[in-house]
Amino acid sequence: MNDPGANASAAERPPREAVEFEALADDAWLLRLGERIDEALNARVHALAARVRAQAPPWLRDLVPAYASLAVFFDAQAIEADAVRAWLLRQCGETAGDDRRAAAGPARIVEIPVAYGGEFGPDLDEAAAQLGLTAAQLVERHSGGDYRVAMIGFAPGFPYLSGLDPALALPRLATPRTQVAAGSVAIGGAQTGIYPRPGPGGWRLLGRTPLRLFDALREPPSLLQPGDRVRLRAIGADEFRSLGAPAQATPA
């Protein structure tokens, strides 16, 4: 789909939000690119992260992208914090031209098999009724989405997936569950997420994947990485129980 603003003059384009810097510690800066959940804004974050990784400065320790911010960790013994800030400001300027194309580069495509409903998705039927759909229609529309990992957060390996059909947005539970099964695939507001390990949660549980999203002994520990594209594949109970291999990833 063409970007309706691609041919607009600079004067016609909406103003870009300025990047704000916050010192997280002596060895970390947080770059705030905005204050909202928005795919275009998240694309700016991933474009900036991709540019910083490509430059690979020797003092760089880690990058942690979120929906609207990027945390940059550096070696404080090798470089002054103000020098890192100045360098990052230049990178922000370099990515100002076309963030969408920069962020959409060679992303991985990861297939996640999901068993929907029943013991795997206890909220499926109620969620479908709230949306005015049958359970089968909700499964078809949810599994047919084109998702991208906007960020990893809440728990190690928990992916927040952008790209949910706005018509499938659901409010969180009024009373969160004290225990959600590992691999549970859920909707919370306008997002889809996957619980990597057992724990509390208030999102609507539609299904579950047999894949292990986080393994501290694996490299990298998290199956999904920020910027990955995700495709959900509906499976049955028998396939759920037989699966255990890592997700397949191919170049975009």
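The following dialogue asks how several descriptions of this predicted model are justified.

Reader: What should I know about the model before we begin?

Author: The model is predicted, so local features need pLDDT of at least 70, side-chain atom pairs count only at pLDDT 80 or more, and totals for chains, interfaces and linings use all residues. Residues are numbered from 1 along each chain as its sequence is written, and side-chain values use heavy atoms, with hydrogens and water left out.

Reader: How many helices and strands does the protein have, and what makes a stretch count as one?

Author: The protein has six helices and 14 strands. Helices (H or I, at least four residues) and strands (E, at least two) are DSSP runs, numbered from the N terminus.

Reader: Why are H4 and H5 called roughly perpendicular?

Author: The axes of helix H4 (residues 124-131) and helix H5 (residues 135-143) come within 8 Å and cross at roughly 90 degrees. Axes are lines fitted to C-alpha atoms, for helices over the stretch in contact, and angles run from 0 to 180 degrees between N-to-C directions. Angles under 35 degrees count as roughly parallel, over 145 as roughly antiparallel, 65 to 115 as roughly perpendicular and the rest as oblique. H4 and H5 are therefore roughly perpendicular to each other.

Reader: Which residues make the contact between H4 and H5?

Author: Contact means heavy atoms within 4.5 Å. On the H4 side the residues are Leu124, Asp125, Ala127, Ala128 and Leu131, and on the H5 side Ala135, Leu138 and Val139.

Reader: How is the contact of H4 with H5 divided by class?

Author: Seven of its residues are nonpolar, none is polar and one is charged. The classes are nonpolar (Ala, Val, Leu, Ile, Met, Phe, Trp, Tyr, Cys and Pro), charged (Asp, Glu, Lys and Arg) and polar (the others, Gly among them).

Reader: Why does Asp123 count as buried or exposed?

Author: Buried means under 20% relative accessible area, exposed over 50%, and partly exposed in between (1.4 Å probe, protein chains only). Asp123 has 7% relative accessibility and therefore counts as buried. Asp123 is found in the loop between strand E5 (108-116) and H4.

Reader: What surrounds Asp123?

Author: Apart from neighbours within four places in sequence, Asp123 contacts Leu173, Arg177, Trp203, Arg204 and Leu205. The side chain of Asp123 also reaches the backbone nitrogen of Leu205 at 2.8 Å.

Reader: Why is Gln130 described as partly exposed?

Author: The relative accessible area of Gln130 is 42%, so Gln130 is partly exposed. Gln130 belongs to helix H4 and touches Leu170, Pro171 and Arg204, not counting residues up to four places away in sequence. The C-alpha atoms of Gln130 and Leu170 are separated by 8.3 Å, although the two residues are 40 apart along the chain.

Reader: Why is Phe154 classed as it is, buried or exposed?

Author: Its relative accessibility is 57%, so Phe154 counts as exposed. Phe154 is placed in the loop between strand E6 (147-152) and strand E7 (159-162). Phi of Phe154 is near 70 degrees, a positive value in a residue other than glycine.

Reader: How do you know that E3 and E4 pair, and in which sense?

Author: Two strands pair if DSSP finds at least two bridges between them. Strand E3 (residues 60-65) and strand E4 (residues 69-74) pair over five bridges in the antiparallel sense. Leu60 stands opposite Phe74 in E4. E3 and E4 form a hairpin, with three residues between them.

Reader: What other strand is joined to E4 by five bridges?

Author: Strand E2 (residues 28-32) is joined to E4 in this way, and the two run antiparallel. Here Arg32 stands opposite Ser69 in E4.

Reader: Why do E1 and E3 stand at the edges of their sheet?

Author: Four strands form an open sheet in the order E1-E2-E4-E3, with antiparallel pairing. Strand E1 (20-25) and E3 each have a single partner strand, so one side of each is left without a neighbour in the sheet. Neighbouring strands of this sheet are turned by 20 degrees against each other on average, direction ignored.

Reader: Which helix lies across E2, E3 and E4?

Author: Helix H1 lies across these strands and runs at about 165 degrees to E3.

Reader: Where is a cis peptide bond found?

Author: A cis peptide bond joins Glu219 and Pro220, with omega about -5 degrees. Pro220 lies in the loop between strand E12 (204-208) and strand E13 (229-235).

Terms used:
Polar contact = N/O pair within 3.5 Å; in protein donor to acceptor, adjacent residues only side chain to side chain.
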